[in-house]
Protein chains: 2
Amino acid sequence: MLNNIVKPTLLLNKARAIHNIETMISKAARSGVRFRPHFKTHQSAAIGDWFQERGVAAITVSSVDMARYFANHGWQDITIAFPVNVREIDKINALAKTITLNLLAESEESVHFLGSRLMHPAKLWIKIDTGYHRTGLSWDHGEKIAALAGTIAQEKRLTFQGLLTHSGHSYRARSQQQVREIYADTIAKMQATREGLRQAGFTGVEISIGDTPSCSIVENFSGVDEIRPGNFVFYDATQLAIGSCLVGQIAVAVACPVVAKHQERQELIIYGGAVHLSKDVLVQSFEPWGEKPTYGAIALPEGSGWGPILSNAYVAGISQEHGVVKVLQEDFDRINVGDLLMVIPVHSCLTAHLLRKYVTLEGEVLELANLS
Amino acid sequence: MLNNIVKPTLLLNKARAIHNIETMISKAARSGVRFRPHFKTHQSAAIGDWFQERGVAAITVSSVDMARYFANHGWQDITIAFPVNVREIDKINALAKTITLNLLAESEESVHFLGSRLMHPAKLWIKIDTGYHRTGLSWDHGEKIAALAGTIAQEKRLTFQGLLTHSGHSYRARSQQQVREIYADTIAKMQATREGLRQAGFTGVEISIGDTPSCSIVENFSGVDEIRPGNFVFYDATQLAIGSCLVGQIAVAVACPVVAKHQERQELIIYGGAVHLSKDVLVQSFEPWGEKPTYGAIALPEGSGWGPILSNAYVAGISQEHGVVKVLQEDFDRINVGDLLMVIPVHSCLTAHLLRKYVTLEGEVLELANLS
């Protein structure tokens, strides 16, 4: 199978992805929380089926167009985990007519807008900021949050569903303990916010949390109603560095042809650059080179897939189509022009988005949604 | 026209792009060098036509598939400016059969491979490293270069065309003077290498150079046979920071809807993230925030396009779909949820690649090549 690869190709170990899916389904079931996986990572109806066949009924997406794609593939309960984009109201109305649509708001303006322009019922979550500081109302702005919940309750087509957060700062953690601390902090804040709403008269308020590090590392989600991890289906070099996964859980790698070798710098040039891997970067320590920014970890081909990650090799630089791979002398000597190197992406979501299709180790081709 | 935009949309000011094309054509003509523009920036047959209509006959691309796309659109003389990927020999042979194909090599193995597997004539350039240290034989390894030229000359289907370099280190320059120094250094090295080859008996060896900063800033290309800039057709925030272009030459911007506002941090959230802009980053100084990494410069809508760049606003962070835009209080107050912000990309090549289509200010839609 690898013999037929002539250019950067996204390989998918389906058995590992299914193992990751089943592990997260079991864990959510043990905690009694709704599992609403984020499909922005894989963006594929075929991979969505692997979840659906195992009983998953509700999903998360990151754009209105992605919601349309999965609604067209049979998904009936979708959360668009992005602040409502008022310019897309026509597409939102078309979706709200046919599926159970969950939206996010964080401002009175957006809720008023939906109140006046939404033609069909939708569930609305208030986005809460528990420390990532990207979007959302700060968890301790209780009055503002209660006021917004009140505004939502007054709009007849909107149902106030609960509080939703994404603790994206867990991606900066570099140990399981740090992730557990971020999770505990997140949950304490979300519960305090919910308690404030209860005292203001709002009952049945759900809590939804999202990030892959927390969902992978924490064992018990008591006090939470819903989890929305996405990246866990594939994992990647960043999740490995955080401690969210074992190396044997990483389900994707990019097969890249070697096109040149530079002995004087112990560097291999691969066909595999920013338009394949993305420019997302991770700082890691490599012997003997010390702390370095990297654009991917390196493994060698093995069977129809890839073997262990080389501890002393890394993608040291990328331009549009080129990748520069730093290796030890022994690896330099055994890798030749025309060979394939397997790059474990820094951020599998962006790499999958760029490469537009998966090739499973069995040779099946799965396309990503075309949302452009 | 802007009223119809509902999601991140790549706007193209066609008049500016054509001005940039005509400026570079005139400059090349004045120096008497062949103009072989790099089409990896725009990846569009329609934009290619704007060059063709003005007399350009030879182009550069960065992959075999891109060469196929432009060959299918009538281009007859193409350089694939990437080390020969031996795994793509079947596609290379199909191209060599129908067009004048220029390839790059930097090793004896690659040349031997082409010697035994290439079925049709091709021109071969030796890739020279003049200081960027990505690919190529170091300019001062004269014996190695002469030996490789000799190997090429012995292969009956290969014609040794000359020496090709890409001074990509000019992208790290932050003044026109620095770019001029890099250019002068590049030319001195390339001419010394050519002189070495002449003494070894090789005549008619051409010199091809490539980077947009040098080609934009330097006025006279004497001693060079060919220039291959690509980015200049659009320019971007990086080229502006280098001094390669004026702000009025930047021909692309991404229209992004504002979806949230955060007063406490003076931040606007836009629908426009890593899957639209790329994660390419530029460090710049912004008052009152100091030196900051940025993922794009900010302008406001004006007419059917965009106005001046705001000197105190920048894209401070991005995730998959979100962009975080830092603004001054006066801008924060006048920009509302639902408005559009215009993001001048850090790296227009990657942004165009991600967004897959252009919308001209006149409303025409131009698709990029689908090479996946």
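Colleague: Which rotation superposes chain B on chain A, and with how much shift along its axis?

Modeller: The model is a predicted one. A rotation of 180° brings chain B onto chain A, with 0.0 Å of shift along the axis and an RMSD of 0.0 Å. That is the relation of a two-fold axis. In chain B, the C-alpha of Lys279(B) is the one nearest the axis, at 2.7 Å from it.

Colleague: How many residues of each chain are in contact, and how much area do chain B and chain A bury between them?

Modeller: The size of an interface is often given as the accessible area lost when the parts come together. Here, 60 residues of chain B are in contact with 61 residues of chain A. The two chains bury about 4,800 Å² between them, and carbon and sulfur atoms account for 55% of it. Arg87(B), Arg134(B) and Gln320(B) supply 16% of the area that chain B buries against chain A, more than any other three residues.

Colleague: Through which surface do the copies meet?

Modeller: The copies meet through the same surface, because 100% of the interface residues of chain B are also interface residues in chain A.

Colleague: Let us turn to a single chain. Into which domains is chain A divided, and what separation do their centres have?

Modeller: Domain 1 of chain A comprises 2–8 + 247–367, and domain 2 comprises 38–229. Their centres, taken over C-alpha atoms, are 34 Å apart. Nine residues from domain 1 and 10 residues from domain 2 make up the contact.

Colleague: What area is buried between these two domains, and which residues of domain 1 lose the most?

Modeller: The same kind of reading applies within a chain. About 680 Å² is buried between domain 1 and domain 2 of chain A, with 54% given by carbon and sulfur atoms. On the domain 1 side, Cys349(A), Tyr358(A) and Leu366(A) lose the most area to domain 2, together 56% of what that side buries.

Colleague: At what angle do helix 5 and helix 6 of chain A pack, and are they roughly parallel or roughly antiparallel?

Modeller: An angle under 35 degrees counts as roughly parallel. Helix 5 (residues 108–117) and helix 6 (residues 142–154) of chain A pack at about 5°, with their axes 10 Å apart. The two helices are therefore roughly parallel to each other.

Colleague: Which residues meet in that contact?

Modeller: From helix 5 of chain A come Glu108(A), Val111(A) and His112(A), which meet Ala147(A), Leu148(A), Thr151(A) and Ile152(A) in helix 6 of chain A. By type, the residues of this contact divide into four nonpolar, two polar and one charged.

Colleague: Some backbone features remain. Where are the cis peptide bonds between Glu287 and Pro288 found?

Modeller: In chain A, a cis bond joins Glu287(A) to Pro288(A), with omega about 0°. Pro288(A) lies in the loop between strand 13 (282–286) and strand 14 (290–294) of chain A. In chain B, a cis bond joins Glu287(B) to Pro288(B), with omega about -5°. Pro288(B) is in the loop between strand 13 (282–286) and strand 14 (290–294) of chain B.

Colleague: What phi does His133(A) have, and where is this residue found?

Modeller: His133(A) has a positive phi of about 60°, although it is not a glycine. The residue is in the loop between strand 6 (122–129) and strand 7 (137–138) of chain A.

Methods
Residues numbered from 1 in each chain as written. Chains lettered and ligands numbered in written order. Predicted model: local features only at pLDDT ≥ 70, side-chain atom pairs only at ≥ 80, totals over all residues. Heavy atoms only, no water. Least-squares fit on C-alpha atoms with pLDDT ≥ 70 in both. Contact = heavy atoms within 4.5 Å. Axes fitted to C-alpha atoms, helices over the stretch in contact; angles between N-to-C directions. Helix = DSSP H or I, 4+ residues; strand = E, 2+ residues; numbered from the N terminus. Parallel < 35°, antiparallel > 145°, perpendicular 65-115°, else oblique. Nonpolar A, V, L, I, M, F, W, Y, C, P; charged D, E, K, R; others polar. Domains from an automatic or database assignment. Buried area = accessible area lost by both parts, 1.4 Å probe.
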